[in-house]
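Visitor: I'd love a guided walk through this model. Could we begin with the spaces inside and then move on to the sheets?

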Amino acid sequence: MRLIVTLLMAASLAACASTQSFHVSQPQNTFQSAGGVAEAGAVNVDITPPPGMPMGGYSVMANKGEGFRTRIKARVIYLSDGKGHAMAIVQGDLTAASLLAHHMIAAKVAETTGLKPSDIAFTASHTHSSPVNFFDNDFYNKHTSSGQWLETNYLNLMVNQISDGIIAAYENRRPAKIATGKKDVYGLNRNRAMTAYVLNKDVKGLSLDDPEAKYKAVNPSLYMVRVDAQDQDGKFKPLAAFSSFSMHNTTIAAPVDIYNGDVFGFAQRDLEWAMTDKYQPSWQVVSALTNGTHGDMAPNVHDEGDNWVSHYPVEWKVSSELGHKLGAASIELFNELEPALTGKVTLASAARELNIREHNRVDGIELCKDAAVGTPVAAGAYERRTPWLTLMPFFHGGNFMTRRTFFKDGCQGTKQHLGFAYLQPLLEPKDSFPNTVMFQILRINDMVVLPLPFEVTVESGRRIAKAVDDVFAKAGQAPKYTWVASVSNGYFGYTTTPEEYAYQNYEGGHTLYGKNNTPYLAAQLQHLAQDYLSEGSVAEMKPNWDYLLTVNNFYPEAQEAKGQRALLSQPETVLASKARDEDYVRVQWLDVNASQINLHQALVQVEKREGQAWVPLIVKGNRISDEGYDIEVRYLDEAKDGMAKYETRWYNPASGGEYRFVIASRANQPALYSNAFRVDAKAQVALLND
């Protein structure tokens, strides 16, 4: 994630803001049923915001969302082992999860589901094309998106949708079987921070002169929990997959102005559709793909080098190619796990919430009490540099101007503070930074998952996982798989190894609490594992959660729609102007304004004529609708009488049939239907008489 913290901006952004307090009480009297049979439920919920929300990940370089190409979803999986232990895993198409949202969700679902806050994990895909103004601290609400401060409307939408999803998954749970596994997938990611990575003491045999080294210095592991459930016919069929792969979701670059899930958005849908098509369950299959140790993992797109270019291309073809490859690997692993499915399920969760500024020492490891931003953060990460700032050597990571060579023995080590150490706290108060980490361990049969609110580098992840592995092994309970889920249950920037930190690339500069960040996290998780193994459970959360946050409003102003919906154009072709672009068919229409369009509800689909009837178009198991990845919905402009203009695009249109666009009803106004049309092999449209 890019964070731009410039001295000029910091002063201006503090103006014209109001604050709001948030109080969340720790839920009490939670329970877990012990029915003797493993159960599971899963559901997809939609958290797509209305037009106008700032998008996160590219900081002030990002646009505001004017629609979506892949909907922003949250995927919920509820698991119970039938022995009194249950958990809910949430994966969001988000840049990072939110500790504030986690607490609010936990409070809303406790009475119905019996889940404790420690039983809920909120993970994320790290797409850079979704909203992020929902964190528990002012610092990241100010600096991660193109708009500053907390947006309460979107926070509430997300919390309500996910809470309803957890309750629905719980109430619709069925007898279940699970299997765990791993598959190494090379060629999809590469190391973007090799100059720092090769300094790690455990890294051997890699040379910066080797052009293939960056493809070897990766985390290739695709982890998965497969969940099957008993259908109405008594057969067990696929219900869900909870998976992890390590890759920055940055193939869709900063100029994009529509919400999307990037690479993972394609991969998740491919698995869902493949399993639905193969097994025909009576429910929608859920594929929750979260990010692993992606801190230094770039997607394997063409290497643009370390120079700033004035315009980053928005390349959907590149994103879809990687997404389909990851989807294919996910399908293979899912199928491979079928023989290992078992109804003998063991679940456990342990969590400890710590203010790491107050509890900054563990086992002789000291963390900085105050966060600090390094100068390389302003210039951005490799290949996604910040315009103009990256041209200045003072901001370019890894040189003598961005890391200290003297006075480097303090907890911040070689970090050169952005804006100087004495000035930065005046513009970025220390209390504005995140400070509370929810350390968590999830145990699912022979797999241990470690959700952390950091962007964890590959080597940091290895060390953290090994530290926890060692504790379990010493107790004679060594797991088969242990992995870290980055950007989970909140957001804290990066965590790098001490060796990587010393080099002060972007990743090291964005490791806020100093050179010992990774050793500190590993030691705290070791203690949590030891306490869990000795006590049987750990759920040490604050009795109440209180936040005072600066707020803003990015939602469209509510207004009455007095006009009538109508098509403004009939289907027409727009051919790709460049090899990396896609052909599409588009239609424009007049509809209710942005405050009433409700993008989190189904809106557009394509139908095919079969005889005298029109039926939903399905291509290779993919229903061509805005639930997939080939239909885009875009807000264009305001219109009179409280109406607005919109456009929908069907990318990669299929030939060989008669089709029409269907735009679902809104605000009690009837659905709209385009004229029938055909598409030839060259994507040209021919309108037909209805």
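Visitor: Which residues line the second largest cavity, and which elements give two or more of them?
Guide: Keep in mind as we go that this is a predicted model. The lining of the second largest cavity consists of Ala193, Ala196, Tyr197, Asp296, Thr457, Thr496, Glu500, Asn505, Glu507 and Gly508. The elements that contribute two or more residues to this lining are α5 (194–197) and α12 (506–509).

Visitor: What is the volume of the second largest cavity, and how do its lining residues divide by character?
Guide: This cavity is one of five cavities of 30 Å³ or more. Its volume is about 50 Å³. By character, the lining of the second largest cavity splits into three nonpolar, four polar and three charged residues.

Visitor: Turning to the largest pocket, which element gives the most to its lining?
Guide: The largest pocket holds about 510 Å³ of space and has 26 lining residues, with Trp273, Gln284, Arg623, Ser625 and Glu627 nearest its centre. At least two lining residues come from each of β4 (73–80), α7 (262–279), β27 (604–610) and β33 (659–663). With five residues, the element that gives the most is α7.

Visitor: How many of the residues lining the largest pocket are charged?
Guide: Nonpolar residues in this lining number eleven, and polar ones seven. The charged residues number eight.

Visitor: On to the sheets: why is one side of β20 and of β22 left without a neighbour?
Guide: These strands belong to an open sheet of five with mixed pairing, in the order β20-β18-β17-β14-β22. β20 (481–485) and β22 (538–540) stand at the edges of that sheet, so one side of each has no neighbour there, because each has a single partner strand.

Visitor: By what angle are neighbouring strands of this five-stranded sheet turned against each other on average?
Guide: The strands in question follow the order β20-β18-β17-β14-β22. With direction ignored, the average turn between neighbours in this sheet is 15°.

Visitor: Which residue in β20 stands opposite Val449?
Guide: Strand β18 (residues 447–451) pairs with β20 in the parallel sense, over five bridges. Within β20, the residue opposite Val449 is Trp483.

Visitor: Which strands does helix α10 lie across, and which does helix α13 touch?
Guide: Helix α10 (residues 458–474) lies across β17 (436–444), β18 and β20, and runs at about 130° to β18. Helix α13 (residues 517–535) also packs on the sheet, with a direction at about 50° to that of β17. The strands that α13 touches are β14 (347–355), β17, β18 and β22.

Visitor: In the sheet of three strands, which residue of β23 is the bridge partner of Ser18?
Guide: This open sheet has the order β1-β23-β7 and mixed pairing, with β1 (18–25) and β7 (150–151) as its edge strands, each pairing on one side only. β1 runs antiparallel to β23 (residues 544–552), and eight bridges join them. The partner of Ser18 in β23 is Val551.

Visitor: How many bridges join β8 to β2, and how many join β8 to β10?
Guide: Strand β8 (residues 174–184) runs antiparallel to β2 (residues 39–46), and Glu39 stands opposite Pro175 in β8. β8 also runs antiparallel to β10 (residues 221–230), where Thr180 has Val225 opposite. The bridges to β2 number two, and those to β10 number nine.

Terms used
Residues are numbered from 1 along each chain as its sequence is written. This is a predicted model: local features need pLDDT of at least 70, side-chain atom pairs count only at pLDDT 80 or more; totals for chains, interfaces and linings use all residues. Side-chain values use heavy atoms; hydrogens and water are left out. On a 1 Å grid over the protein atoms alone, a cavity is a set of points where a 1.4 Å probe fits but cannot get out, and a pocket is an open set with protein on both sides within 12 Å along at least five of seven lines; lining residues have an atom within 4 Å of a point. Grid points are joined across faces, edges and corners, and a volume is the space filled by probe spheres set on the points. Helices (H or I, at least four residues) and strands (E, at least two) are DSSP runs, numbered from the N terminus. Ala, Val, Leu, Ile, Met, Phe, Trp, Tyr, Cys and Pro count as nonpolar, Asp, Glu, Lys and Arg as charged, and the others, Gly among them, as polar. Two strands pair if DSSP finds at least two bridges between them. Axes are lines fitted to C-alpha atoms, for helices over the stretch in contact, and angles run from 0 to 180 degrees between N-to-C directions. Contact means heavy atoms within 4.5 Å.
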